[in-house]
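Good morning, colleagues. Please take a moment to look at the sequence and the structure, and I shall then go through a few regions in turn.

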Amino acid sequence: TILQGLVANKYDAIIGSMAYTKKRAEQAAFTEPYYYSGGMIWVAEDNNDIKSPEDLKGKKIGVIAQSTYEEPAKELSDNIQYY
């Protein structure tokens with residue numbers, strides 16, 4: 001939705017955390033990144049069963065809808081909760 005606002009000229013630029021994809025680059029010009037961050041797996045403090053992506057197979061995974069993390073989550077589980 002933020003990208004659609006840019007395309008619709010609601011603002012001149014976006015400053016935020018948006019991962020580069022070829023599809024997004026068709027709509028916007030990306031600058032060089034001004035910081036780097038990566039995806040993380042977060043579990044409850046008392047959860048000792050999940051230590052790697054492979055441990056998520058079949059588990060219920062919360063993921064932001066339409067984010068670049070949606071597809072990797074779908075590869076690990078059919079039980080996705082969208083936010």
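Is Asn9 buried or exposed? Asn9 is exposed, and its relative accessible area is 66%. I should say at once that this is a predicted model. Asn9 sits in the loop between α1, residues 2-7, and α2. Its backbone deserves a remark as well: phi of Asn9 is near 60°, a positive value in a residue other than glycine.

Gln66 also has a positive phi without being glycine, and here the value is near 65°. You will find Gln66 in the loop between β1 and α3. Gln66 counts as exposed, at 67% relative accessibility.

Let me turn to the salt bridges. How many salt bridges does a search of the whole structure find? The search finds two. Side chains of opposite charge can pair when their charged atoms come close. One of the pairs is Glu70 with Lys74, where the closest N and O atoms are 3.6 Å apart. The other joins the side chains of Glu71 and Lys74, at 3.7 Å from N to O. Glu70, Glu71 and Lys74 are thus linked in a network of salt bridges.

The sequence positions help us to read this network. Glu70 and Lys74 are four residues apart in helix α3, which covers residues 70-76, so about one helical turn separates them. Glu71 and Lys74 are three residues apart in helix α3, and again the separation is about one helical turn.

What of the accessibility of these three side chains? Glu70 counts as buried because its relative accessibility of 15% is under the 20% limit. Glu71, by contrast, counts as partly exposed, at 47% relative accessibility. Lys74 is also partly exposed, with a relative accessible area of 38%.

Lys74 leads us on to the interior. Which residues make up the largest nonpolar core? There are six in all: Ile50, Leu56, Ile61, Val63, Ala73 and Ile80. If we leave aside neighbours within four places in sequence, Ile80 is in contact with Ile61, Val63 and Ala73, and also with Lys74.

Ser77 is the next residue to consider. Ser77 lies in the loop between α3 and β2, the latter being residues 80-82. Where does Ser77 stand on the scale of accessibility? Ser77 is buried, with a relative accessible area of 5%. A polar atom of the Ser77 side chain lies 3.0 Å from the backbone nitrogen of Asn79. Not counting residues up to four places away in sequence, Ser77 touches Leu56, Gly58, Lys59 and Ile61. Two of those names, Leu56 and Ile61, are familiar from the largest nonpolar core.

I now move to Tyr69, whose place is in the loop between β1 and α3. Tyr69 counts as partly exposed, at 42% relative accessibility. What does Tyr69 touch, not counting residues up to four places away in sequence? Its partners are Gly38, Gly39 and Val63, and Val63 belongs to the largest nonpolar core.

Tyr69 and Met40 are 29 residues apart in sequence, yet their C-alpha atoms are 9.8 Å apart in space. Met40 itself is placed in the loop between α2 and β1. At 58% relative accessibility, Met40 counts as exposed. A further distance concerns Met40 and Pro53, which are 13 residues apart along the chain: their C-alpha atoms are separated by 9.6 Å.

The last region is on the surface. Which residues form a nonpolar patch there? The patch consists of Ile15, Tyr34 and Tyr35, which together have about 390 Å² of accessible area. Tyr34 is found in the loop between α2, residues 22-25, and β1, residues 61-63. Tyr34 is exposed because its relative accessible area of 55% is over the 50% limit.

To close, I would ask you to keep two places in view. One is the network of salt bridges that links Glu70, Glu71 and Lys74. The other is Ile80, which is a member of the largest nonpolar core and is in contact with Lys74. Thank you for your attention.

How values were computed: Residues are numbered from 1 along each chain as its sequence is written. This is a predicted model: local features need pLDDT of at least 70, side-chain atom pairs count only at pLDDT 80 or more; totals for chains, interfaces and linings use all residues. Side-chain values use heavy atoms; hydrogens and water are left out. Patches are made of residues with over 30% relative accessible area and no salt bridge: like charges are joined within 9 Å, nonpolar side chains (Val, Leu, Ile, Met, Phe, Trp, Tyr) within 5 Å. Accessible areas come from the Shrake-Rupley method with a 1.4 Å probe; for residues, only the protein chains shown count as cover. A salt bridge is a side-chain nitrogen of Lys or Arg within 4 Å of a carboxyl oxygen of Asp or Glu. Helices (H or I, at least four residues) and strands (E, at least two) are DSSP runs, numbered from the N terminus. Buried means under 20% relative accessible area, exposed over 50%, partly exposed in between (1.4 Å probe, protein chains only). A nonpolar core is a set of buried Ala, Val, Leu, Ile, Met, Phe, Trp, Tyr and Cys residues joined through side-chain atoms within 4.5 Å. Contact means heavy atoms within 4.5 Å. A polar contact is a pair of N or O atoms within 3.5 Å; within protein, one must be able to donate a hydrogen and the other to accept it, and residues adjacent in sequence count only if both atoms are side-chain atoms.
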